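Here's a quick tour of one helix, one strand and what surrounds them. Have the viewer open while you read.

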Amino acid sequence: MSRPVAEMPARFDAAGFRERARHHDPDRAFGAEPAHLGHGDHVLNPGLVTGLVDGKLRDAAVLVPVIETGADAQVILTRRAAAMRQHSGQVAFPGGAIDPEDASAEIAAMREAEEEIGLDRRFVEPVGRLPVYMTTTGFRITPVLAVVHPGFSITPNPAEVDAVFETPLSFLMNQANHQRESRVWQGVERHYYVMPFGEHHIWGVTAGIIRTLYERLYV
């Protein structure tokens, strides 16, 4: 029987992340949240649940890449190109839509990471998943948790990515760095998380996935 992640020592290296990810059950309900809804924009905006469930959502996957860099592992994030049709200029994990030829969410996430930032899948070790994350922009995202081994290189695709940067896992898993904000969008006030890091403004879906990672693996 696997050990609850809450009983594991708080470590922010890749090995500690791997252990927590492998003991995590993505299908487990969290608090009062129905397990079949996963996580998503509706967590902070309960009124969105009906629209998300009734709407046609496209399956997507993102890679949550944690680099094996000693006691304080780093997480790879990107800033999407300004010319992108959706979420332009926003901080994001590598990822995109799951294509019919993708055998799994893991394959899709690694393929997208290769296409977007040149991260060779030979250095990527998938270690788990988070619950699906549903977005108001029409996607049902599977976050794939992965450890990235030393020796990799990054070559951003300028058509999709303006910048690639690293953020300490310990920073992202510190609740003190999770701020809640809101703005009016399409006439409705929408709430979301914000995690400012230097010049980078992490918010929206990416911050929501990071918050899910914190709640599921580090609380």
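## Helix H3

Let's start with H3, which covers residues 105-117: its 13 residues reach 18 Å from the first C-alpha to the last, close to the 18 Å expected at 1.5 Å a residue. Keep in mind that this is a predicted model. Right after H3 comes glycine 118, whose phi is positive at about 70°.

So how much of H3 is buried? Of its 13 residues, 10 are buried, so the helix is largely enclosed by the rest of the structure. The buried set holds four alanines, Ala105, Ala108, Ala109 and Ala113, along with Met110 and Ile117. Charged residue types turn up there too: Glu106, Arg111, Glu112 and Glu116 are also buried.

## What sits over H3

Which strands help cover those buried residues? The cover includes S2 (58-67), S3 (74-80) and S5 (95-97). It also includes S6 (124-129), S8 (139-148) and S9 (161-168). S2 is a handy one to follow next, as it pairs with S8, with S5 and with S3.

## Strand S2 and its partners

S2 is another buried element: 8 of its 10 residues are buried, so it is largely enclosed by the rest of the structure. With S8, it pairs in the parallel sense over 10 bridges. To find that pairing in the viewer, look for alanine 60 in S2 and its bridge partner in S8, isoleucine 141.

The pairing with S5 is antiparallel and runs over 3 bridges; there, alanine 61 has glycine 96 of S5 as its bridge partner. S3 also pairs with S2 in the antiparallel sense, over 2 bridges, and valine 66 is matched with valine 75 of S3. S2 and S3 form a hairpin with 6 residues between the strands, where glycine 70 takes a positive phi near 95°.

## The whole protein

Zooming out, the protein has 5 helices and 12 strands. Buried residues account for 51% of its 219 residues. If you're thinking about contact order, take the contacts between residues at least 6 apart in sequence: 65% of them join residues at least 24 apart.

As for the surface, about 10300 Å² is exposed, and carbon and sulfur atoms supply 52% of that area.

Definitions and conventions. Residues numbered from 1 in each chain as written. Predicted model: local features only at pLDDT ≥ 70, side-chain atom pairs only at ≥ 80, totals over all residues. Heavy atoms only, no water. Expected span 1.5 Å × (residues − 1). Buried < 20%, exposed > 50% of the residue type's maximum accessible area, 1.4 Å probe, protein only. Contact = heavy atoms within 4.5 Å. Areas by Shrake-Rupley, 256 points an atom, 1.4 Å probe, with all protein chains shown as cover. Pairing = 2+ DSSP bridges.
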